[in-house]
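Hi everyone, thanks for coming. I'd like to walk you through one protein chain today, going from the whole fold down to single residues. Have a look at the picture first, and then we'll start.

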Amino acid sequence: MSLPVPTTEAPPVGVVGLGQLGGSLAAALVGAGREVRGWDVDPAAREAAAARGVRVTRELAGVVVLAVPLPATAAALDGLDVDPAATVTDVGSVKEPVLASVGAALGGRFVGGHPMAGTERSGHAATDPGLFRGARWALCLEPGTDLRRWLRAAEVALDAGAEVVPVTAAEHDAAVAAVSHVPHLLAAALAAAAGEAGPLALSLAAGSFRDGTRVIGSDPAFVTAMVEGNAGPTAAALDRVLVQLGRPWPELVAAGHAVRTAPGGGRAVRVPLERAALLALGRAGGTVTRRLAAFVEGRVPEA
Ligand SMILES: NC(=O)c1ccc[n+]([C@@H]2O[C@H](COP(=O)([O-])OP(=O)(O)OC[C@H]3O[C@@H](n4cnc5c(N)ncnc54)[C@H](O)[C@@H]3O)[C@@H](O)[C@H]2O)c1
């Protein structure tokens, strides 16, 4: 049965951690006309956010977004004055550990999230209000998630210009292991092996080396926290890559090429506001693009 959820005035958004992700989100939401408050332990990040129209305060309400490094997430609300009715979400690259810490403490008030956006830069100087435009934003719908709160978190992602992908934390972690965490490890392996090949090889490195190793230019602490925080799914996804590398090379090249060059495109859909229907949309590779009172609009890839 679908659950009608009235759309009411958008609540304020509180962003904790005003670095690349949080600073970009705060700036995007200010641009979209949302009331944005924020806090960061770094005074320089606070100043930069204030200059972009964020009200710097420890008093947060509405939808509170945790955008701190993964190891800091569990304690990110300590010392802040957060409205007990607030919905709390996050942008961490791994979802099961955050669900087990913040989610266990907050229950149905917590909605795990992960925007598939970001660069190898970090800190408030890397703020880009357009960072989320057109990006996918995974948003976790666990059996205990309050759907009204999930929709509030979804509105934040949509207001930042993203498309929302409904997932469970376990599905998210398995999926991003394959498309994000393993690529970081492969980029590290490629770069390390090229380093062993010597200075001549590195001096001849061009586009394919640059593209294949770009992500390992990220802060090593960020990459380590990400892959170690998702160790099981990442190891399983890496095993699948190793199996692929054992195939005859012409077969492997053709298989990879076919996946990378598959035609895009999609068709518009309307999905009722219920967990099973929303998760089915995400599993089909679909996204939510607009929230309405009794359903969401979105699109799915052509079959
Ligand atoms: N960088 C990416 O490509 C990317 C992509 C998607 C998700 N993420 C996730 O986003 C989160 C933030 O990453 P980022 O790249 O924005 O990092 P960042 O280093 O650019 O910013 C983190 C900010 O959090 C602040 N901070 C640290 N501890 C804090 C605390 N206890 N309270 C308040 N502020 C605190 C820091 O001062 C800094 O300004 C991480 O959890 C990461 O997994 C990153």
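**From the whole chain to its details**

Of the 303 residues in this chain, 43% count as buried. Please keep in mind that what you see is a predicted model.

Let's stay with the overall picture for a moment. The secondary structure adds up to eleven helices and 14 strands. The chain's radius of gyration is 20 Å, close to the 19 Å that the globule rule gives for 303 residues, so the chain is as compact as a globular protein of that length. If you lay the C-alpha trace along its principal axes, the spans are about 60 × 45 × 35 Å.

Now for the empty spaces. How many cavities of 30 Å³ or more are there? The count comes to one, and the volume of this largest cavity is about 40 Å³. Among the residues lining the cavity are Leu18, Gly23, Arg52, Val54, His124 and Thr127, and several alanines belong to the lining as well, including Ala26, Ala45 and Ala48. Helix 1, residues 20-31, and helix 2, residues 43-51, each contribute at least two lining residues. Sorted by class, the lining of the largest cavity has seven nonpolar residues, three polar ones and one charged one.

Next, a pocket. The second largest pocket has a volume of about 310 Å³. Its lining is made of 14 residues, and those nearest the centre are Met116, Arg136, Val165, Ala175 and Val179. Which elements supply at least two residues each to this lining? They are strand 10 (136-140), strand 11 (163-167) and helix 5 (169-197). Helix 5 gives the largest share, four residues. By class, the lining of this pocket holds eight nonpolar, five polar and one charged residues.

And where does the second largest pocket lie with respect to domain 1 and domain 2? Domain 1 (13-167) and domain 2 (172-246) both give residues to the lining, so the pocket lies between them.

Here is a helix to compare with your textbook. Helix 10 covers residues 249-260, twelve residues in total. From its first C-alpha to its last, helix 10 reaches 16 Å, close to the 16 Å expected at 1.5 Å a residue. Is helix 10 largely buried or largely in the open? Of its twelve residues, the number buried is zero, so helix 10 lies largely in the open.

Let me finish with three single residues.

Take Leu147, which is found in helix 4, residues 147-159. Its relative accessible area is 12%, and because buried means under 20%, Leu147 is buried. Leu147 and Glu120 are 27 residues apart along the chain, while their C-alpha atoms are separated by 33 Å.

Gly33 sits in the loop between helix 1 and strand 2 (36-39). At 65% relative accessibility, Gly33 counts as exposed, since the cut-off for exposed is over 50%. From the C-alpha of Gly33 to that of Ala236, which is 203 residues away along the chain, the separation is 43 Å.

Finally, Ala277 lies in helix 11, residues 275-283. With a relative accessible area of 18%, Ala277 is buried. How far apart are Ala277 and Pro166 in space? They are 111 residues apart in sequence, and their C-alpha atoms are 9.5 Å apart.

That's my tour. Thanks for listening!

Conventions: Residues numbered from 1 in each chain as written. Predicted model: local features only at pLDDT ≥ 70, side-chain atom pairs only at ≥ 80, totals over all residues. Heavy atoms only, no water. Expected span 1.5 Å × (residues − 1). Buried < 20%, exposed > 50% of the residue type's maximum accessible area, 1.4 Å probe, protein only. 1 Å grid on protein atoms, 1.4 Å probe; cavity = no way out; pocket = protein on both sides within 12 Å on 5 of 7 lines; lining within 4 Å. Points joined across faces, edges and corners; volume = space filled by probe spheres on them. Nonpolar A, V, L, I, M, F, W, Y, C, P; charged D, E, K, R; others polar. Domains from an automatic or database assignment. Rg over C-alpha atoms; globule rule 2.2 N^0.38 Å.
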